[in-house]
Amino acid sequence: MPVTTKTVTLPASKNAQSTLLAGKRVIFAMAASAEYGRCLEKLFIPLLTGVGPVEASIGMSSALAGLAHAAELPDLVVCLGSAGSCTLEHGRVYQVAQVSYRDMDATVLGVPKGVTPFLDQPAVMPLPYRIPGIEEASLSTGGAVISGEAYRGIDADMVDMETYAIMRACGRFGVPLIGLRGISDGAAALTKITDWTDYLHLVDEQLAIAVEALARAIQDGTLKL
């Protein structure tokens, strides 16, 4: 079934783009333009937050704060882009079933690893919304690029640098979140930037297919927001 989308600039933030997807206003959040290829360009204009949890938190929070002030909050945020994994299939897209923050470590204070002190949340947070037909995987977010032996310390199927921060911002404003990640690297140690970019055209193609599946799920009521 063909998917028709319409992108409009929301007045509260000149960098916040809302796509009308099956009648719902959706913000697609991405870290960098390198992940935004020709297939995705046909479907939406993303909110580019910048790379890493700090930039993602600032970018998403400021956009949602402005939209909340204008009573223009979206129905859904989709955080999407590339991810690393030493076990999952390269070029394939997975939806995030649960996400953790690998940089948080207050164990010397008696707090379990991954748990933020004084925040009533577990180390691993589920993302409850699902797109039918897309395989699920767990995700670890942090500020470092993971490569080679560093995967041994990761208790998740894949790694990125933004989704947990986007989740926290969305939670503050009560906006649902879906995470989609295409595996771009991880089978071998990274030695140069092309080890990441070589798979981005495949990730772009598969992310576009996932976005179209999202539109169909909203349209037919399989995914209720």
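In this predicted model, Glu89, Arg92 and Glu135 are joined in a network of salt bridges. One link of the network pairs the side chains of Arg92 and Glu89, with N and O 3.5 Å apart. Arg92 is partly exposed, at a relative accessible area of 35%. Glu89 is also partly exposed, at 46%. The count of salt bridges comes to 8.

A second pair involves Arg25 and Glu72. Their closest N and O atoms lie 2.3 Å apart, and the two form a salt bridge. This pair links distant parts of the chain. Arg25 sits in strand S3, which covers residues 24-30. Glu72 belongs to the loop between helix H2 (53-69) and strand S5 (76-84). The two residues are 47 residues apart. Arg25 has a relative accessible area of 23%, so it counts as partly exposed. Glu72 has a relative accessible area of 23% and is likewise partly exposed.

A third salt bridge joins the side chains of Asp160 and Arg181, at 3.3 Å from N to O. Asp160 lies in strand S9 (residues 158-160) and Arg181 in strand S10 (residues 177-185), so the bridge ties together parts that are 21 residues apart in sequence. Here both partners are buried. The cut-off for that class is under 20% relative accessible area. Arg25, at 23%, is therefore partly exposed rather than buried.

The loop that holds Glu72 also holds Leu73, between H2 and S5. Leu73 is partly exposed, with a relative accessible area of 25%. Residues up to four places away in sequence aside, Leu73 touches Arg25, Leu64, Leu67, Ala68, Phe173 and Val175. Arg25, the salt-bridge partner of Glu72, is thus among the contacts of Leu73. Phe173 is another of these contacts. Leu73 and Phe173 are 100 residues apart along the chain, yet their C-alpha atoms are separated by 8.3 Å.

Helix H3 spans residues 163-173. Its buried residues are Thr163, Tyr164, Ala165, Ile166, Met167, Ala169 and Cys170. Gly174 follows H3 and has a positive phi, near 70°. Ile166 of H3 also appears among the contacts of Thr49. Thr49 is found in the loop between strand S4 (47-48) and H2. At 9% relative accessibility, Thr49 falls under the 20% limit and so counts as buried. Its neighbours within four places in sequence aside, Thr49 is in contact with Ala29, Met30, Ala31, Glu55, Ala56, Met60 and Ile166.

Helix H5 runs over residues 200-219 and has 20 residues. From first to last C-alpha it reaches 28 Å, close to the 28 Å expected at 1.5 Å a residue. Many positions along H5 are listed as buried, including Leu200, Val203, Asp204, Leu207, Ala208, Val211, Leu214, Ala215 and Ile218. An α-helix has 3.6 residues a turn, so residues three or four places apart point the same way. The buried set of H5 also includes Ala210, Ala213 and Ala217. After H5 comes Gly221, with a positive phi near 85°.

An unreviewed UniProt entry lists residues 49-213 as "domain: Nucleoside phosphorylase". Over these residues the chain is 28% helix and 24% strand. The end C-alpha atoms of residues 49-213 are 24 Å apart.

At the level of the whole chain, the secondary structure comes to 5 helices and 10 strands. The chain has 225 residues and a radius of gyration of 17 Å, which agrees with the value near 17 Å for a compact globule. The C-alpha trace spans about 45 × 40 × 30 Å along its principal axes. Of the 225 residues, 49% count as buried. The accessible surface comes to about 10,600 Å², and carbon and sulfur atoms hold 54% of it. Among contacts with a separation of 6 or more, 70% come from residues 24 or more positions apart.

Terms used:
Residues are numbered from 1 along each chain as its sequence is written. This is a predicted model: local features need pLDDT of at least 70, side-chain atom pairs count only at pLDDT 80 or more; totals for chains, interfaces and linings use all residues. Side-chain values use heavy atoms; hydrogens and water are left out. A salt bridge is a side-chain nitrogen of Lys or Arg within 4 Å of a carboxyl oxygen of Asp or Glu. Helices (H or I, at least four residues) and strands (E, at least two) are DSSP runs, numbered from the N terminus. Buried means under 20% relative accessible area, exposed over 50%, partly exposed in between (1.4 Å probe, protein chains only). UniProt positions are given in the numbering used here, feature names are shortened, and annotations may be inferred rather than shown by experiment. The expected span of a helix is 1.5 Å times one less than its number of residues. Contact means heavy atoms within 4.5 Å. The radius of gyration is taken over C-alpha atoms; the globule rule is 2.2 Å times the number of residues to the power 0.38. Accessible areas come from the Shrake-Rupley method with a 1.4 Å probe; for residues, only the protein chains shown count as cover.
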